[in-house]
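Work through the exercises below with the model open beside you. Try each task before reading its solution.

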Amino acid sequence: MKTPFVTKEQLDAITAQYPTPFHIYDEAGIRENARRLREAFSWNPGYREYFAVKATPTPAILKILKEEGCGCDCSSLTELLMSEKCGITGENIMFSSNDTPAEEFQLADKLGAIINLDDLTLVDYLEQSIGHIPQKICCRYNPGGVFTLSETREGFQVMDNPGDAKYGMTRAQIAEAFTRLHAMGAKEFGIHAFLASNTLSNAYYPALARILFQLAVDLQNETGVHITFINLSGGIGIPYQPDQPANDIAAIGDGVRQAYEEILVPAGMGDVALYTELGRFMLGPYGHLVTRAIHEKHIYKEYIGVDACACNLMRPAMYGSYHHITVMGKEDQPCNHKYDVVGGLCENNDKFAVDRMLPKIDMGDLLVIHDTGAHGFSMGYNYNGKLRSAELLLRQDGSVELIRRAETVEDYFRTLVW
Ligand SMILES: *Cc1c(COP(=O)(O)O)cnc(C)c1O
């Protein structure tokens, strides 16, 4: 069962003030989850979570996470600027970009961010861009091939395809990058890898950690550099389907600790700090897209037209992703109607749900689309001239704050030359 973090009564009051559609976030849920994560890695003294800003680039959210001890993982100029404006600078920023323009390296360096190089050719490019090599530097590793985990507890397979991904360096390249960066003056080295996305398994991070810890031991022996941190990146998933079990972050932290004690500690590397760059896990479940049913259509199938569209949440259109839907006030009614829940774009993939069994929907009903807190609003766009929605924050005391106003026609027209 998935239960919204707002009640129908709350939403009736909120929608009287803020028109649908909008995204709303749950401060209490975000904070509790961030604390569980921190606790799970508290055995590692240097541990830090760098929230992947691209998942939810909204200052109010970044500030809550800052209060919970998180930094920012940025991948572009505007994400760097937003972090700076939120007071998150220096080594509280990890700059994990790819295909990076020089001006972005320059800003990252000016802010004192830890720069994570995606490719061997960027060693020289970075030096040319900023005029030196930073003392502390990270390189992204791509082991190639196919990454699989079959022995996961619930039988959920984890499989992803690093060999087909554009990110990171080969094994030989990362050794060469370390050797060259060392010769150019770098003193503290880190390794980063992102091998699988949205994993629903407590075994992913420990398996990734084993690969990176062994690599760190080997690279330190081969190149003589001092490896001071390992960045496990993102990839811990959330259960989008109501019958999927959530990850157990305490078990994940413990699995990583075992790998650390088996591989790094005996190699004399028991002082290595661990970093994470989670986005989805930090915010996904703590956001809802709230929309209203405005049309019903009966042709070869039954359609419910809502006032949100794929511009507000792209994942179903782009990946066919499942997002659970609750029809507010009808939680106890039987799901005996089969609907396609659609938006108004002139694209037939603009469907939040296809052949979904739901209670009978009446015009004016409020629908909560679940798990939109990460990669939801942030992937929005303006196709068909649709305007970006507002974002609201449900505070811990039950009050609601506007944290991003809805776009207006004037905003949309602002860049046009008439
Ligand atoms: C997208 C991304 C993340 C966050 O991924 P999640 O799946 O949201 O946890 C972290 N690091 C990098 C480099 C990314 O591109």
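The exercises that follow concern a predicted model.

**Exercise 1. Place Thr15, classify it as buried or exposed, and find the partners of its side chain.**

Step 1. Start with the secondary structure. Thr15 belongs to helix α1, which covers residues 8-17.

Step 2. Check the accessibility. The relative accessible area of Thr15 is 12%. Buried means under 20%, so Thr15 is buried.

Step 3. List the contacts beyond four places in sequence. For Thr15 these are Thr20, Phe22, Arg292 and Leu366.

Step 4. Look for polar partners. A polar atom of the Thr15 side chain lies 2.8 Å from the backbone oxygen of Leu11. The Thr15 side chain also makes a polar contact with the side chain of Arg292, at 3.4 Å.

Step 5. Add a distance across the chain. Pro242 is 227 residues from Thr15 in sequence, and their C-alpha atoms are 26 Å apart.

**Exercise 2. Do the same for Thr20: where does it lie, and which side chain does its own side chain meet in a polar contact?**

Step 1. Find the element. Thr20 sits in the loop between α1 and β1, the latter spanning 22-26.

Step 2. Read the accessibility. Thr20 has a relative accessible area of 16%. The limit for buried is under 20%, so Thr20 is buried.

Step 3. Identify the polar partner. The side chain of Thr20 meets the side chain of Asp307 in a polar contact at 2.4 Å.

Step 4. Collect the wider contacts. With neighbours within four places left out, Thr20 touches Thr15, Val290, Thr291, Arg292, Asp307 and Leu366. Thr15 has Arg292 and Leu366 on its own list too.

**Exercise 3. Which backbone oxygen does the side chain of Thr223 reach, and is Thr223 buried or exposed?**

Step 1. Locate the residue. Thr223 is part of helix α8, residues 204-223.

Step 2. Judge the burial. Thr223 counts as buried because its relative accessibility is 16%.

Step 3. Trace the side chain. It reaches the backbone oxygen of Leu219 at 2.6 Å.

Step 4. Name the contacts. Residues up to four places away are not counted; Thr223 then touches Ala175, Phe178, Thr179 and His182.

**Exercise 4. Classify Glu401 by accessibility and list its contacts.**

Step 1. Place it. Glu401 falls in strand β19, residues 400-404.

Step 2. Apply the cut-offs. The relative accessibility of Glu401 is 33%. Partly exposed lies between the 20% and 50% limits, so Glu401 is partly exposed.

Step 3. List the contacts. Outside four places in sequence, Glu401 is in contact with Glu391, Leu392, Leu393 and Arg395.

Step 4. Compare sequence with space. Ile24 and Glu401 are 377 residues apart along the chain, yet 9.4 Å apart from C-alpha to C-alpha.

**Exercise 5. Describe the site of the ligand: which residues come nearest, and how much of the ligand's area does the protein cover?**

Step 1. Find the space. The ligand takes up the largest pocket.

Step 2. Survey the surroundings. There are 15 residues around the ligand, and Lys54, Glu277, Gly279, Arg280 and His375 come nearest.

Step 3. Pick out the polar pairs. A ligand nitrogen atom is 3.3 Å from a side-chain N or O atom of Asp73. A ligand oxygen atom lies 3.2 Å from a backbone N or O atom of Gly235. For Arg280, a backbone N or O atom is 2.8 Å from an oxygen atom of the ligand.

Step 4. Finish with the cover. On its own, the ligand has 380 Å² of accessible area, and the protein covers 90% of it.

Notes. Residues are numbered from 1 along each chain as its sequence is written. This is a predicted model: local features need pLDDT of at least 70, side-chain atom pairs count only at pLDDT 80 or more; totals for chains, interfaces and linings use all residues. Side-chain values use heavy atoms; hydrogens and water are left out. Helices (H or I, at least four residues) and strands (E, at least two) are DSSP runs, numbered from the N terminus. Buried means under 20% relative accessible area, exposed over 50%, partly exposed in between (1.4 Å probe, protein chains only). Contact means heavy atoms within 4.5 Å. A residue is near a molecule or strand if one of its heavy atoms lies within 4 Å of it. A polar contact is a pair of N or O atoms within 3.5 Å; within protein, one must be able to donate a hydrogen and the other to accept it, and residues adjacent in sequence count only if both atoms are side-chain atoms. Accessible areas come from the Shrake-Rupley method with a 1.4 Å probe; for residues, only the protein chains shown count as cover. On a 1 Å grid over the protein atoms alone, a cavity is a set of points where a 1.4 Å probe fits but cannot get out, and a pocket is an open set with protein on both sides within 12 Å along at least five of seven lines; lining residues have an atom within 4 Å of a point. A molecule sits in a cavity or pocket if more than half of its atoms lie within 2 Å of its grid points.
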